[in-house]
Amino acid sequence: GEIDIIALKQGILSIVEVKTRSAEIAEGFSPFAAVDTKKSNKLKKITDRYLHLERGYLKRFNFESIRFDVAAVFYKEDLTTGNLSVLIKYLPDAFNY
């Protein structure tokens, strides 16, 4: 398992799971729903391991809290023109640590 994005802003270390879906396939199905209890527990374990392995490096950033976010990326390709449309929805603090 891996962490998709690790970001730091205003003392908050954000662990971000990114879910990408075709707009056609995503109709009626939220990518946010793909981050269920099993997936969130797995992300927490991976985060624990990362924090342990990188504790020396992370000390310099002095973050106050950790937050788990989910980013949903929807894309749609126009097969006639080849243009790609992208929409990103972001859910901060999607689940607790």
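This is a guided tour of a predicted model, moving from the whole chain to a few selected residues.

**The whole chain**

Begin with the protein displayed as a cartoon and coloured by secondary structure, where three helices and four strands can be picked out. Followed from the N terminus, these elements come in the order β-β-α-α-α-β-β. The radius of gyration is 16 Å, well over the 13 Å that the globule rule gives for 97 residues, so the protein is more spread out than a compact globule. If you turn the C-alpha trace along its principal axes, it spans about 50 × 25 × 20 Å.

Switching to a surface view, you are looking at about 6,800 Å² of exposed area, of which carbon and sulfur atoms supply 51%. Of the 97 residues, 27% count as buried. Among contacts between residues at least 6 apart in sequence, 60% join residues at least 24 apart.

**Strand β2: Ser14**

Next, select residues 12-22, which make up strand β2, and centre the view on Ser14 within this strand. With a relative accessible area of 6%, under the 20% limit, Ser14 counts as buried. Show side chains here, and you will find that of Ser14 in a polar contact with the side chain of Arg67, at 3.4 Å. Once neighbours within four places in sequence are set aside, the residues in contact with Ser14 are Ile5, Ile6, Ala7, Arg67 and Asp69.

**Strand β3: Asp69**

From Ser14, step across to its contact partner Asp69, which is found in strand β3. Is Asp69 buried or exposed? Asp69 is buried, its relative accessible area being 1%. Its side chain makes a polar contact with the side chain of Tyr90 at 2.6 Å, and a polar atom of the same Asp69 side chain lies 2.8 Å from the backbone nitrogen of Asp93.

To see the wider surroundings, display the residues in contact with Asp69, again leaving aside those within four places in sequence: Ser14, Ile15, Val16 and Glu17 are among them, as are Tyr90, Leu91, Pro92, Asp93 and Ala94.

**A nonpolar patch on the surface**

Stay with strand β3, which covers residues 65-77, and move along to Tyr75. Tyr75 counts as partly exposed, with 34% relative accessibility. Add Leu84, Val86 and Ile88 to the selection, and together with Tyr75 they form a nonpolar patch on the surface with about 390 Å² of accessible area. Which strand gives the largest share of this patch? Strand β4, residues 84-95, does so with three residues.

**The helices: Leu53 and Leu58**

For the last stops, select helix α2, residues 37-53, in which Leu53 has its place. Leu53 counts as exposed at 53% relative accessibility. A distance drawn between the C-alpha atoms of Leu53 and Val86 comes to 35 Å, although the two are 33 residues apart along the chain.

Then select residues 55-58, helix α3, where Leu58 is found. In this case the relative accessibility is 7%, and Leu58 counts as buried. What does Leu58 touch, not counting residues up to four places away in sequence? The residues concerned are Tyr50, Leu51 and Phe63. As a final distance to draw, take Leu58 and Ile3, which are 55 residues apart in sequence and 16 Å apart from C-alpha to C-alpha.

Terms used: Residues are numbered from 1 along each chain as its sequence is written. This is a predicted model: local features need pLDDT of at least 70, side-chain atom pairs count only at pLDDT 80 or more; totals for chains, interfaces and linings use all residues. Side-chain values use heavy atoms; hydrogens and water are left out. Helices (H or I, at least four residues) and strands (E, at least two) are DSSP runs, numbered from the N terminus. Buried means under 20% relative accessible area, exposed over 50%, partly exposed in between (1.4 Å probe, protein chains only). A polar contact is a pair of N or O atoms within 3.5 Å; within protein, one must be able to donate a hydrogen and the other to accept it, and residues adjacent in sequence count only if both atoms are side-chain atoms. Contact means heavy atoms within 4.5 Å. Patches are made of residues with over 30% relative accessible area and no salt bridge: like charges are joined within 9 Å, nonpolar side chains (Val, Leu, Ile, Met, Phe, Trp, Tyr) within 5 Å. Accessible areas come from the Shrake-Rupley method with a 1.4 Å probe; for residues, only the protein chains shown count as cover. A salt bridge is a side-chain nitrogen of Lys or Arg within 4 Å of a carboxyl oxygen of Asp or Glu. The radius of gyration is taken over C-alpha atoms; the globule rule is 2.2 Å times the number of residues to the power 0.38.
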